Structures are given as structure tokens and as C-alpha cells.
Amino acid sequence: MSQYLPILVLAILAILFGAVSFVASRLLAPNRPSAAKSAPYECGIVPTKDTPQRFPVSFYIVAMLFIMFDIEIIFLYPYAVNSGELGIYGFFAIGLFSVVFFLTFVYEVARGGLDWGPLGQARDLTSLAEMVSPERTATTTVRRVGSEGRFPVSVGVEEK
Amino acid sequence: MAVSELAGLFQGDLPMGSPMVTGDPLLDGPLLWAPLIVVAIKVLVIFVLGLVGTMFMVWFERKVVAGMQNRVGPNKAGPFGILQTLADGIKLFFKEDLLPDRADRFVFRLAPFLAFVPAFLVWSVIPLGGDYSGGRDGIVTILGQQTRVQLADPPIGILLVLAMSSIAVYGIMLAGWSSGSKYPLLGSVRASAQMISYEAALGLSLAAVLVTSGTLSTSGIVASQTTLGSWNLVTTGFIPFIVFLIAATAELNRPPFDLVEAEQELVGGFNTEYSSLRFALFFLAEFMNTITMSAIVVTLFLGGPRPPAIGNTALTIPLIPGALEGTIWFVLKLLVFLYFYVWLRATLPRLRYDQLMNLGWKVLIPISLGWFLLLAAIRVGDSNGWNVIAVVVIALVSLGLGYLLFTAALRVSSRQRDREGAMY
Amino acid sequence: MELLVFVAASAMVLGGALGVILMRNPVHSALGLVLTLFGVAVHFVALEAHFLAAVQVIVYAGAIVVLFLFVIMLLGVDSAEDLKVDGLTIQRPLAAIIGIGTVAIVSVAVLRTRSTIAAGPALEASGDSNIRLLSRNLFSDQVLAFEITSVLLIVAVAGTVLLTRKQSGPTGARKGS
């Protein structure tokens with residue numbers, strides 16, 4: 001247990017360093033709070049929207065999957081450290097475990113649990129064909145330079 | 001199993017699988033005054049080294065990035081502007097410490113410590129030097145006490161680094177949440193999902209190192225890399241090294257993975273509401289983590305402070321005592337990675353969040369898991385005298401099957417997504 | 001020394017546990033839980049179970065409480081909940097039964113094995129002995145339990161998928177991902 005003693009001492013020293021700096025800063029720094037200073041940061045404008053309260057479910061999935069990977073990793077380490085002694089039996093045990101685990105992961109991926117970003121939305125671009133074309137048209141006189149060939153005029157799923 | 005039996009199991013004879021006795025010999029005996037003084041000296045040295053090293057790193061990064069962008073960089077404070085960081089740090093002492101109205105006061109004050117203290121603690125398991133000449137195995141003598149040039153050598157060794165990086169997630173997560181403001185919250189949610197994702201890749205590539213080293217102790221990992229050919233970089237076959245390096249960059253929230261503080265969209269990320277010293281602590285933690293993570297890469301894959309050696313002939317620096325030589329090699333190896341990180345920052349554009357997550361989950365994690373199994377198969381085949389070629393072929397075929405399965409899964413999910421997108 | 005560590009760790013465990021129950025804000029409760037888990041890790045270290053201590057911090061504090069915090073933070077449950085409203089009427093009596101039952105089981109176990117615990121020799125685990133013994137045990141006697149753990153992980157993933165993925169079809173598609 002004494003191997004941990006220096007770590008403890010270092011931790012205490014680090015915390016003390018932080019605390020002492022705070023005291024020093026308290027003594028040295030000005031303290032003139034105002035309503036504008038302590039308002040939530042919004043680049044200088046008056047905040048119009050509240051802080052978002054809900055986040056996409058993908059974040060929870062990631063946290064959930066991470067627990068599983070952590071468990072897998074924790075089981076890998078004893079094998080990894082002692083692989084020489086465990087031999088064939090141990091290898092097939094960890095192999096079977098990893099294969100089952102991998103299949104689970106594949107299932108999650110196949111069900112789209114790890115897809116991020118917005119859905120690619122199908123847009124009917126035929127109605128936009130005129131807009132997309134670089135020529136001047138009846139509806140617009142602005143030439144769209146540089147967009148030639150960039151938008152597929154046919155109906156299709158836009159690439160994400 | 002009865003308790004007494006279990007206790008007997010703990011005391012039971014262990015196979016001498018590990019080639020070396022790990023642990024710091026300094027702390028094995030009774031704790032008398034001399035060892036305690038050595039511990040105190042070591043703690044102080046590490047502490048000062050941590051702060052000075054971080055100051056150096058900030059200066060180094062600014063100077064090198066400036067060079068890469070045809071600027072001069074800091075050049076006023078001290079020679080080559082090397083004292084610029086110190087000046088900045090002192091300035092922060094004199095800045096007003098703001099506490100936002102909407103903040104959760106307790107957590108807001110706690111978060112900088114949760115980022116800063118783990119960053120410091122990682123230093124304690126890194127072998128910073130040592131005397132490797134004449135089979136001394138990194139042991140040096142200070143004040144008549146034999147010790148390693150690392151603060152502590154606990155049995156969990158490298159797992160302490162993983163544990164600390166999982167604690168560091170809290171610092172960022174809680175800093176963003178407690179600010180009660182939207183940009184910090186967005187930044188911290190991104191950051192914590194990113195950090196836990198890449199921690200999985202980090203842990204899996206670490207497993208490959210443990211297979212070849214056969215020990216968790218950092219000094220043991222260094223001791224197992226005696227020659228250039230037995231550096232884990234070579235013995236694990238480069239892939240874990242690359243995965244580890246990428247995952248470490250993401251774990252550090254450094255460019256090109258710095259979505260946490262993507263200043264164009266999130267102002268300053270999780271620490272937007274922090275000012276004065278609280279901000280300084282986050283800043284310190286960030287750069288200290290860069291140094292310690294590079295040091296971990298050096299320890300795990302490049303033999304730590306060991307001089308490069310081919311066979312029995314080690315490359316020695318003339319006129320330098322052996323005890324100092326390890327530190328010099330360590331610093332040289334460390335600088336390579338510090339430069340590499342700065343280089344990445346100056347070169348690469350930031351990833352998009354879905355690209356980041358895809359890289360972590362769909363590329364790095366499957367690769368490192370597959371590579372771990374391949375390494376394990378080769379080792380088992382090796383110790384049982386199986387035909388190496390047959391083992392490799394069978395392993396590669398099974399990994400190929402896994403790859404096909406995985407790409408099929410990716411195709412299924414993207415088709416599903418297209419279908420859903422088409423419904424809007 | 002041993003006693004000091006024991007007292008400190010127990011204070012962490014108990015203080016954290018009290019914090020979990022008494023704090024009004026769920027995030028503070030989760031932090032109390034982290035403190036408790038840390039205290040347990042310190043206890044493990046004091047018992048020379050180094051690997052378990054590391055696992056305790058990495059898995060419990062590093063992954064599971066992070067998930068808790070994600071749920072608390074991202075669902076916006078940050079204001080104090082009204083404790084008078086009970087979502088599931090059965091959960092309070094059930095919680096009481098489980099709590100009392102656990103205390104009873106643990107106290108009986110401690111009382112009955114008191115003599116063996118007291119007689120046990122001082123534990124000393126150096127280097128990697130911990131993880132080696134664990135691996136020997138895990139990959140021989142406990143191998144079935146080990147493999148079944150992977151099945152448990154399947155169940156967890158299937159549950160995640162079921163709870164989080166929307167139904168495919170025109171009705172479910174608009175719920176958003």
C-alpha cells in the first residue's frame with residue numbers, strides 16, 4: 001500500500017496549489033461584479049433562447065456502449081497480462097467472448113445506433129432545376145456561377 | 001471458496017512469469033526518515049517539473065505554430081519569449097473571477113480541480129529516467145536509497161492513467177453543465193461523448209501492449225523493451241501504436257479533434273464562463289495532459305527512458321553519467337511527440353462530429369479489437385509450436401470475415417438511414 | 001496506518017452515500033456516488049486488491065456514473081424533483097424491503113464469518129500477482145460465468161437498441177432520432 005503514498009502526497013500538493021492560488025487571486029484581483037458580467041455568455045446580445053434541455057439519444061447510446069466496452073476491456077486485461085500462462089484454453093475463452101461481443105456490436109451498428117448527423121433528406125430537385133441552372137431564367141436574373149454540375153437535377157437522395 | 005482459502009491463494013506461490021520485480025524498492029521497506037525525505041524530494045521535483053514543463057509546452061506550441069504560419073510568435077518576455085507563459089499566468093492572478101448568475105456554485109468551483117488534479121497525478125507513474133547501463137534496470141541511488149526515477153510504481157501502473165483520464169471527463173462535463181449557459185453545455189456534452197468513445201479505443205490498443213509486456217506496471221513495461229527490436233512499437237506491429245496515438249489526441253481534445261472548444265461555433269467551449277484562475281487551471285490541465293499523454297506513448301511503445309539498443313550494445317551518450325542519460329533519452333523521445341501534436345494542430349482542419357464518432361467507433365475500435373486477437377493468436381501459436389503461417393492465415397481469414405460482417409452492418413444501417421430520410 | 005486509511009475510506013463511503021440521499025440536486029447526488037465509489041476503491045487498495053480498485057474507478061466512476069450524469073444533465077432533470085409525487089407506487093415499499101434485506105444479509109454474513117475473517121493472515125500482494133490470480137481464476141473455474149457475461153452484454157445492447165431506435169415505418173419516422 002505504501003507504493004501509493006507519493007501519489008497521495010502529490011494529490012494533496014496539487015489541491016493545495018489550487019487552493020493557495022485561489023486565495024492569492026482573491027487578494028490580488030478586483031471584484032466588481034455586475035449584472036452584465038454575470039449573465040450567461042451570449043456574444044454580447046440579449047439571450048433569446050434558453051439552454052437546451054434535451055439532447056439527441058445518440059449520446060446516451062454512446063455512454064451505454066462505452067460501459068460495455070469498458071467491461072470487455074477490463075476482461076481483456078487479465079488475459080493480456082497472463083496470456084503466456086493461460087495457453088490455448090484461455091485464448092479460446094477470450095476469443096469466444098470477443099466474438100460474441102463483436103457480434104453484439106455489429107448488431108448495434110446495423111441498427112444504426114452509432115449513426116450521427118442529420119438524416120439525408122430526399123429533395124425533389126426537379127422543381128429547382130431552373131434555380132440550379134446557371135442560365136438566366138424568368139424567375140431569377142441572377143446567374144448561379146460555379147454551380148454547374150454540382151447539384152444533381154434528377155430526383156434523388158442527397159448525399160450526407 | 002472460504003475466506004482462509006482465498007487468503008492462501010493470495011499468498012500462494014506465483015509463477016515467475018514476470019521477468020522482473022516491479023514496484024519501487026524505496027517503498028518496500030519500513031518507512032523511515034530517509035525514504036520519506038526522498039519521497040518528499042521526488043514529489044517536489046515532479047510538482048515543479050509539471051508546472052515548468054507545462055509552461056514550456058505552451059511556449060513551444062505558440063512558437064512552433066508561429067513558425068509554421070510565418071509569424072514570429074511570443075518574443076518579448078525573456079529570451080525567445082520563453083517567459084511569456086509565466087507572464088500570462090501572473091496576469092490571470094490579477095483578473096476578476098466571475099461567477100455566473102445561473103451557475104451551480106459548488107460544482108462550478110469543483111470542476112477545475114477535477115480537471116487539474118488528475119492531470120498532475122498521471123505524472124506519478126511515468127518513468128522519467130533512470131540508469132539502464134550495466135543491467136541496473138533503471139534503479140538509481142539517492143541519499144543512499146535505491147529508487148526508481150518515477151514518483152511511484154503501484155501495481156496497477158498503467159491503469160492509473162486510464163482511471164485518471166476517466167476522472168478528467170468529469171472536470172470537463174461538470175464545468176460545462178455547471179456554467180448554466182448554452183455554449184459550455186454543448187461543448188461539454190460533445191467533449192464527454194468524445195472522450196469516453198476514444199477511451200474505449202485507447203483501452204483496447206493498450207491491451208495489445210499488455211500482451212507483449214505481460215505486466216501492468218509502467219516500470220515493468222519499460223523493462224520489457226530492452227532493445228530496438230523489442231520496443232512495443234515493433235512487437236505489437238505498429239497498428240496499436242497508431243490507434244493509441246490517434247485516440248490519445250482525441251482524448252486530449254487537441255486538434256484535429258478539438259470540437260470541444262471549436263471557437264467558430266462554441267465561443268470557447270466548456271470553459272466559456274470561466275475566467276481568472278479557474279480558467280488558468282483548465283488551461284494548465286490541458287497542456288499538462290498533452291505532455292503526460294506523450295510521455296505515456298513513449299513509455300508504452302518507445303521504451304521510455306531506455307537508450308535505444310541493438311542486441312547488447314546500447315547507444316550511450318559520452319561524458320554523461322548513466323543516471324542522467326535515461327532522462328535525456330526520455331526528453332528527446334518526448335519532444336518528438338510534443339512536436340507531432342503541435343504539427344497536427346498547425347496542419348489539419350477540424351473533424352465534423354459524425355466523422356469523429358465514425359472514426360472512433362467504426363474504425364479504431366474494431367481494428368484494435370481485431371489486432372489484439374491476432375496478436376493473442378500468434379502468441380498462443382508460438383508457445384504451442386503451431387505453424388506460424390497457418391496461424392496467421394487462419395487469423396486473417398477470421399478477421400476478414402469479421403470485416404465483411406462489419407461492412408455489411410454499415411451498409412444495412414446506411415440504407416436504413418436513407419429510407420428514413422426519404423420519408424421526410 | 002491501516003486504521004487511518006480505513007477510517008478515511010469509510011468516511012468517504014459514508015459521506016458520499018449520505019450525499020446521494022440528502023442532496024436536492026441530482027447532479028450533486030451523482031457526485032456523492034462518485035465519492036462513495038472512490039472510497040470503496042481505497043478500501044480495495046487497503047486490502048491489496050489493486051486491480052479491483054482500478055476497475056472500481058475505471059468502470060464504475062468512469063463509465064456508469066458518467067451514464068447517470070448524461071441522463072441527468074441531458075434530460076434536464078437538474079432542478080430539484082418534487083419528492084411527494086410518486087411515479088411508481090410500488091417502488092418505495094420495494095426499496096424499503098430491498099434495503100432492509102441487504103442490511104440483514106450482510107450483517108448475518110459478517111456475524112457468521114467473523115471468526116474466519118479475524119483469523120485470516122495479513123494480505124500482501126506485490127506486482128501483478130493480483131491480476132494474474134484473477135486471470136487464472138477467470139479462465140479456469142469461472143469460465144462459464146465469464147462467457148455468460150457476454151450474453152448479458154447482448155441483452156444490454158438489445159435493450160438499448162429497443163429503447164432508443166424508433167419504429168421504422170411512416171408513423172414512427174417523424175419522431176426524430
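**View 1. The buried residues of helix α6 in chain C are C:Ser129, C:Asn130, C:Ile131, C:Arg132, C:Leu134, C:Ser135 and C:Leu138.** This is a close-up of a predicted model. Helix α6(C) covers residues 129–138, and seven of its ten residues are buried, so the helix is largely enclosed by the rest of the structure. What does the covering? The cover over these buried residues includes α2 and α3 of chain A, along with α3 (50–74) and α7 (143–164) of chain C. For the wider setting, chain C is built from seven helices and zero strands. Of its 177 residues, 31% count as buried. Take the contacts in chain C between residues at least 6 apart in sequence, and 52% of them join residues at least 24 apart.

**View 2. Here chain A meets chain C.** On this contact, 38 residues of chain A touch 36 residues of chain C. Which elements of chain A give two or more residues to that side? They are α2 and α3 (83–110) of chain A. Helix α2(A) gives the most, with 16 residues. By residue type, the chain A side splits into 28 nonpolar, six polar and four charged.

**View 3. Chain A, and how far to trust it.** Chain A has four helices and two strands, and along the sequence they run α-α-α-β-α-β. Of its 160 residues, 30% count as buried. Among contacts in chain A between residues at least 6 apart in sequence, 49% link residues at least 24 apart. The mean pLDDT of chain A is 76, with 71% of its residues at 70 or more. Where in chain A is confidence highest, and where is it lowest? It peaks in helix α2 (residues 58–81) of chain A, at a mean of 88, and bottoms out in strand β2 (residues 156–157) of chain A, at 46. Over residues 154–160 of chain A, pLDDT stays under 50, and the model has 14 contacts beyond four places in sequence for that stretch. Where pLDDT is low, the predicted coordinates should not be read in detail.

**View 4. The contact between chains A and B.** Chain B puts in 83 residues here and chain A puts in 67 residues. On the chain B side, the elements that each supply at least two residues are α2 (33–68), α4 (105–122), α6 (182–213), α11 (276–301), α13 (353–383) and α14 (388–422). That side of chain B divides into 50 nonpolar, 17 polar and 16 charged residues.

**View 5. Helices α5 and α6 of chain B, packed against each other.** Helix α5 (residues 158–178) of chain B and α6(B) pack at an angle of about 170 degrees, and their axes lie 7 Å apart. Angles over 145 degrees count as roughly antiparallel, and α5(B) and α6(B) are therefore roughly antiparallel to each other. From α5(B), the residues that meet α6(B) include B:Ile158, B:Leu162, B:Val169 and B:Trp177. Their partners in α6(B) include B:Leu185, B:Met195, B:Ile196 and B:Leu206. Overall, the residues of this helix-helix contact come out as 14 nonpolar, seven polar and one charged.

**View 6. Inside the largest nonpolar core.** This core has 192 residues, and those with the most contacts inside it are B:Ala115, B:Ala207, B:Ala247 and B:Phe372. Which helix gives the most to this core? That's α6(B), with 19 residues. Zoom in on B:Phe372 and, leaving aside its neighbours within four places in sequence, you'll find it in contact with A:Leu76, B:Leu204, B:Ala207 and B:Ala208.

**View 7. Three backbone oddities in chain B.** Most residues other than glycine have a negative phi, and most peptide bonds are trans. The peptide bond from B:Pro255 to B:Pro256, though, is cis, with omega near 5 degrees. You'll find B:Pro256 in the loop between α9 (239–251) and α10 (263–266) of chain B. Next up is B:Asn70, which has a positive phi of about 60 degrees although it is not a glycine. B:Asn70 sits in the loop between α2 and α3 (84–93) of chain B. Last comes B:Ser276 in helix α11 of chain B, also not a glycine, with a positive phi near 55 degrees. Are these two buried or exposed? B:Asn70 is exposed, with 6 other C-beta atoms within 10 Å, whereas B:Ser276 is buried, with 21 other C-beta atoms within 10 Å.

Methods. Residues are numbered from 1 along each chain as its sequence is written. Chains are lettered from A and ligands numbered from 1 in the order in which they are written. This is a predicted model: local features need pLDDT of at least 70, side-chain atom pairs count only at pLDDT 80 or more; totals for chains, interfaces and linings use all residues. pLDDT is the predictor's confidence in each residue, from 0 to 100. Two residues are in contact if their C-beta atoms, placed from the backbone, lie within 7 Å. Ala, Val, Leu, Ile, Met, Phe, Trp, Tyr, Cys and Pro count as nonpolar, Asp, Glu, Lys and Arg as charged, and the others, Gly among them, as polar. Axes are lines fitted to C-alpha atoms, for helices over the stretch in contact, and angles run from 0 to 180 degrees between N-to-C directions. Angles under 35 degrees count as roughly parallel, over 145 as roughly antiparallel, 65 to 115 as roughly perpendicular and the rest as oblique. A nonpolar core is a set of buried Ala, Val, Leu, Ile, Met, Phe, Trp, Tyr and Cys residues joined through C-beta atoms within 7 Å. A residue is buried if 20 or more other C-beta atoms lie within 10 Å of its own, exposed if 12 or fewer, and partly exposed in between; C-beta atoms are placed from the backbone.
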